[in-house]
Amino acid sequence: MIPIDVRRLFPVERQELLELLASLQPADWAKPTVCPGWDVKDIASHILNDYMRRLSGSRDGYGGAVFANDETLPTYLARVNDEFVRAMRQCSPNTIIDVLAHLGPQLDAVWADIDMDGAAHLDVSWAGASTSPAWLDVARDYTEYWVHQQQIRDAVPQPGADGADLLRPVIVTFLHAVPFALRDHPRPPGTAVEFEVTGPAGGRWAVTSDGAQWDLTAESVHGPDASVRIDQDTVWRLATRGITEEQGRARAELNGDSQLAEAAATLLAVVR
């Protein structure tokens, strides 16, 4: 794994979001987004739900989740997320902006108090490990807010918040899904898949096998057994299934061991 600390970026990303929301015209709030059935206002409401859920759980230690019979985590999240969004349709855009601005600094204080080397409050299932480090949990939340902001920007449309300083941590976080994508493809120790992301926020990373499992490292390798070359915009959309696996492969260059390259290019960084 590649430990990263994204805590300083939360207020920066949030300021970009608040300025974006404040600039929207009334008709913009009703524009459809890539999230089925949700418009721009719904996604803003969902971000607020994320803020409230994290403050309640990580700050207040409140375990209020109530699962229905035989309900899996993905099913539970889909249900309660939709319930919250539906309830927030009675609230004005200005109210949503005000509450986001009010709760954001409180959330920053939660991040500041977290032991980044300790155990995660919420494990990151798409990274594969049964337990996750706190830094990955925090980084996962950062990607959540950033991606939803981009979905709003796509819908409006209005570019922004995608400079290298804000986007690179998203890419690095999502690449932690690659070892899990390779889990069914064991290879001898030292086998390596190189992941090259092009663009100002990109770089080269290697996912290396120890014979039993795969791990993401900060260094590329000479003569990898397989490689994936993909641009920075495509990789985050693929990881969040804003585009399909087929669309992602069509935009990528895959070389070497075809099984490994194709599996690596299916990275998925959302709960499913």
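**Entry: a neighbouring pair**

I opened the notebook at Arg59, which is partly exposed with a relative accessible area of 41%. Its partner in a salt bridge is Asp60, with the closest N and O atoms 2.8 Å apart. Asp60 also counts as partly exposed, at 46% relative accessibility. A reminder to myself before going on: this is a predicted model.

**Entry: the other salt bridges**

How many salt bridges does the count come to? I noted 24 salt bridges. The general idea is that side chains of opposite charge can pair when their charged atoms come close.

I then went to Arg153 and Glu16, whose side chains meet in a salt bridge at 3.7 Å, N to O. Arg153 lies in helix 5 and Glu16 in helix 1 (residues 10-23), so this pair ties together parts that are 137 residues apart in sequence. Is Arg153 buried or exposed? I wrote it down as buried, because its relative accessibility is 5%. Glu16, on the other side of the pair, is partly exposed, with a relative accessible area of 28%.

Next I looked up Arg241, which forms a salt bridge with Glu245; here the closest N and O atoms are 3.2 Å apart. Glu245 is partly exposed, and its relative accessible area is 28%.

Which residues are linked in a network of salt bridges? I found Glu194, Glu196, Arg204, Arg229 and Glu253 in that network.

**Entry: domains and the record**

I turned to the overall layout. The domain assignment gives domain 1 as 9-115 and domain 2 as 169-265. How many Å apart do the C-alpha centres of domain 1 and domain 2 lie? I have 30 Å in my notes.

UniProt, in an unreviewed entry, places the feature "domain: Mycothiol-dependent maleylpyruvate isomerase metal-binding" at residues 13-152. I checked what the chain does over residues 13-152: it is 62% helix and 0% strand. The end C-alpha atoms of that stretch are 13 Å apart.

**Entry: cysteines**

I searched for disulfides, and the structure holds zero of them. Why is there no bond at Cys35? The closest cysteine sulfur, in Cys91, is 19 Å from the sulfur of Cys35, which is too far for a bond. For that step I kept the cut-off in mind: a disulfide needs the two sulfur atoms within 2.5 Å. Seen from the other end, Cys91 is in no disulfide, and the nearest cysteine sulfur is that of Cys35.

I also noted how covered these cysteines are. Cys35 is buried, with a relative accessible area of 16%, while Cys91 is partly exposed, with 24%. The bounds I used were under 20% for buried and over 50% for exposed.

**Entry: a nonpolar patch**

Which residues form a nonpolar patch on the surface? I listed Phe67, Leu73 and Val271, which together have about 230 Å² of accessible area. I followed up on Val271, which is found in the segment after helix 10 (258-264). Val271 counts as partly exposed, at 31% relative accessibility.

**Entry: pairs in sequence and in space**

I picked Ala129, found in the loop between helix 4 (93-113) and helix 5 (134-155). At 34% relative accessibility, Ala129 counts as partly exposed. I paired Ala129 with Phe180: they are 51 residues apart in sequence and 8.4 Å apart in space, C-alpha to C-alpha.

Then I moved to Met88, which has its place in helix 3 (residues 73-88). Is Met88 buried or exposed? I recorded Met88 as buried, with a relative accessible area of 12%. From Met88 to Ile114 I noted 26 residues in sequence and 30 Å in space, C-alpha to C-alpha.

My last stop was His222. Where does His222 lie? I located His222 in the loop between strand 3 (214-217) and strand 4 (226-231). His222 counts as exposed, because its relative accessibility is 83%. His222 and Asn94 are 128 residues apart along the chain, and I wrote down 53 Å as the separation of their C-alpha atoms.

Note on methods:
Residues are numbered from 1 along each chain as its sequence is written. This is a predicted model: local features need pLDDT of at least 70, side-chain atom pairs count only at pLDDT 80 or more; totals for chains, interfaces and linings use all residues. Side-chain values use heavy atoms; hydrogens and water are left out. Domain bounds come from an automatic or database domain assignment. UniProt positions are given in the numbering used here, feature names are shortened, and annotations may be inferred rather than shown by experiment. Helices (H or I, at least four residues) and strands (E, at least two) are DSSP runs, numbered from the N terminus. Patches are made of residues with over 30% relative accessible area and no salt bridge: like charges are joined within 9 Å, nonpolar side chains (Val, Leu, Ile, Met, Phe, Trp, Tyr) within 5 Å. Accessible areas come from the Shrake-Rupley method with a 1.4 Å probe; for residues, only the protein chains shown count as cover. A salt bridge is a side-chain nitrogen of Lys or Arg within 4 Å of a carboxyl oxygen of Asp or Glu. Buried means under 20% relative accessible area, exposed over 50%, partly exposed in between (1.4 Å probe, protein chains only).
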